Amino acid sequence: MKNILIATQKPFAPDAIKKIQEVVKNAGYGLQLLEKYSDKSELLDAVSAVDAMIVRSDKIDKEVLDAAKNLKIVVRAGAGYDNIDCDAATQNRVVVMNTPGQNSNAVAELALGMMIFMARGCFNGKAGTELKGKKLGIHAYGNIGRIVATLAKSFGMEVFAFDPFIPAGQIEKDGVKVCTSEAELYSTCQYISLHIPATEKTKKSINYDLLSKMPENGVLVNTARKEVICEESLLKILEEKPGFKYVSDIAPSCKEEIERRFAGQYFFTPNKMGAQTAEANINAGIAAAEQIAAFFEKGDETFKVN
Ligand code: 3PG
């Protein structure tokens with residue numbers, strides 16, 4: 001019998017666990033649950049005899065992969081797989097998959113919520129502003145970016161996007177204006193919503209050059225990864241432009257300095273919560289379990305990323 005481990009420091013909603021259990025049971029596999037673990041040794045113990053793993057942002061490095069002697073597949077129930085050492089997985093002949101699109105709506109809704117929260121002065125009771133009529137730049141037009149565009153248009157925002165990997169016609173079909181460079185996007189829009197993955201190329205790529213192109217009252221919304229921001233540049237911009245705001249679904253490393261020096265210019269969620277909805281957990285969790293079953297039963301590698 002195959003053994004599947006769900007290893008999530010940040011647990012799925014209980015309903016998602018029930019539904020994953022059903023898929024795993026129907027496939028005739030055993031299920032092990034490791035939630036809210038605080039020490040890596042717990043993860044190292046748990047992986048020792050499993051054939052497959054479902055994880056979220058849990059760090060799956062070489063040590064974990066080496067400890068998982070029977071592991072054949074690890075599925076990141078979500079989009080970004082920068083938490084998994086894909087090279088080490090490939091060396092160990094472990095297939096890595098993600099579940100693209102399954103939690104996108106939750107993240108997109110949070111991005112809009114964050115924009116409203118900042119436009120209304122973090123609900124401080126003073127007069128704020130509206131999103132209607134403002135320009136929004138979507139940096140990367142993937143699954144989340146597309147939903148953000150739809151939601152933002154329904155708020156009456158003028159939506160722009162930059163994505164070198166998506167044909168312009170496809171973006172324009174959605175009623176979104178295409179920018180042909182990052183510089184154009186950042187100099188055109190008051191709001192920027194980031195949807196780029198964290199890769200060697202994108203880390204620290206949101207730098208002074210780009211941020212300085214945003215207007216005095218610019219709002220940078222980050223539901224992507226903290227690593228894509230050049231934090232020295234961010235600090236400089238917050239200082240130079242007292243009307244500039246940074247809202248992020250994960251605190252930057254320089255959180256304390258921002259809190260000390262830039263009151264009213266920031267908001268950070270306490271724990272990455274873009275995909276923290278029951279719906280997103282159910283969608284991504286079921287997809288992960290089904291992908292594992294399809295992989296074992298039919299050799300299906302559709303969502304393989306390594
Ligand atoms: C993702 O990449 O899918 C999101 O960042 C969600 O991450 P999480 O599963 O850790 O909430």
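This briefing covers the ligand site and one residue that contacts it indirectly through A79. The model is predicted. The ligand sits in the largest pocket. A79, G80 and N103 each place a polar atom within 3.5 Å of a ligand oxygen.

**The site**
- The residues around the ligand are K10, R56, S57, R76, G78, A79, G80, N103, R225, K272 and A275.
- By type, this shell holds 5 charged, 4 polar and 2 nonpolar residues.
- Lysines K10 and K272 belong to the shell, as do arginines R56, R76 and R225.

**Polar contacts to the ligand**
- A79 uses its backbone: a polar atom there is 2.7 Å from a ligand oxygen.
- G80 also contributes a backbone atom, an N or O that lies 2.8 Å from an oxygen atom of the ligand.
- N103 uses its side chain, where an N or O atom is 2.9 Å from a ligand oxygen.
- On its own, the ligand has 320 Å² of accessible area, and the protein covers 95% of it.

**Behind A79**
- The backbone of A79 has a second polar partner, N98: a polar side-chain atom of N98 lies 2.9 Å from the backbone oxygen of A79.
- N98 is part of strand β5, which spans residues 95–98.
- N98 counts as buried because its relative accessibility is 8%, and the cut-off for buried is under 20%.
- A79 therefore appears in two settings: a polar backbone atom is 2.7 Å from a ligand oxygen, and the backbone oxygen is 2.9 Å from the side chain of N98, a buried residue.

Terms used: Residues numbered from 1 in each chain as written. Predicted model: local features only at pLDDT ≥ 70, side-chain atom pairs only at ≥ 80, totals over all residues. Heavy atoms only, no water. Near = heavy atom within 4 Å. Polar contact = N/O pair within 3.5 Å; in protein donor to acceptor, adjacent residues only side chain to side chain. Areas by Shrake-Rupley, 256 points an atom, 1.4 Å probe, with all protein chains shown as cover. 1 Å grid on protein atoms, 1.4 Å probe; cavity = no way out; pocket = protein on both sides within 12 Å on 5 of 7 lines; lining within 4 Å. Sits in = over half its atoms within 2 Å of the grid points. Nonpolar A, V, L, I, M, F, W, Y, C, P; charged D, E, K, R; others polar. Helix = DSSP H or I, 4+ residues; strand = E, 2+ residues; numbered from the N terminus. Buried < 20%, exposed > 50% of the residue type's maximum accessible area, 1.4 Å probe, protein only.
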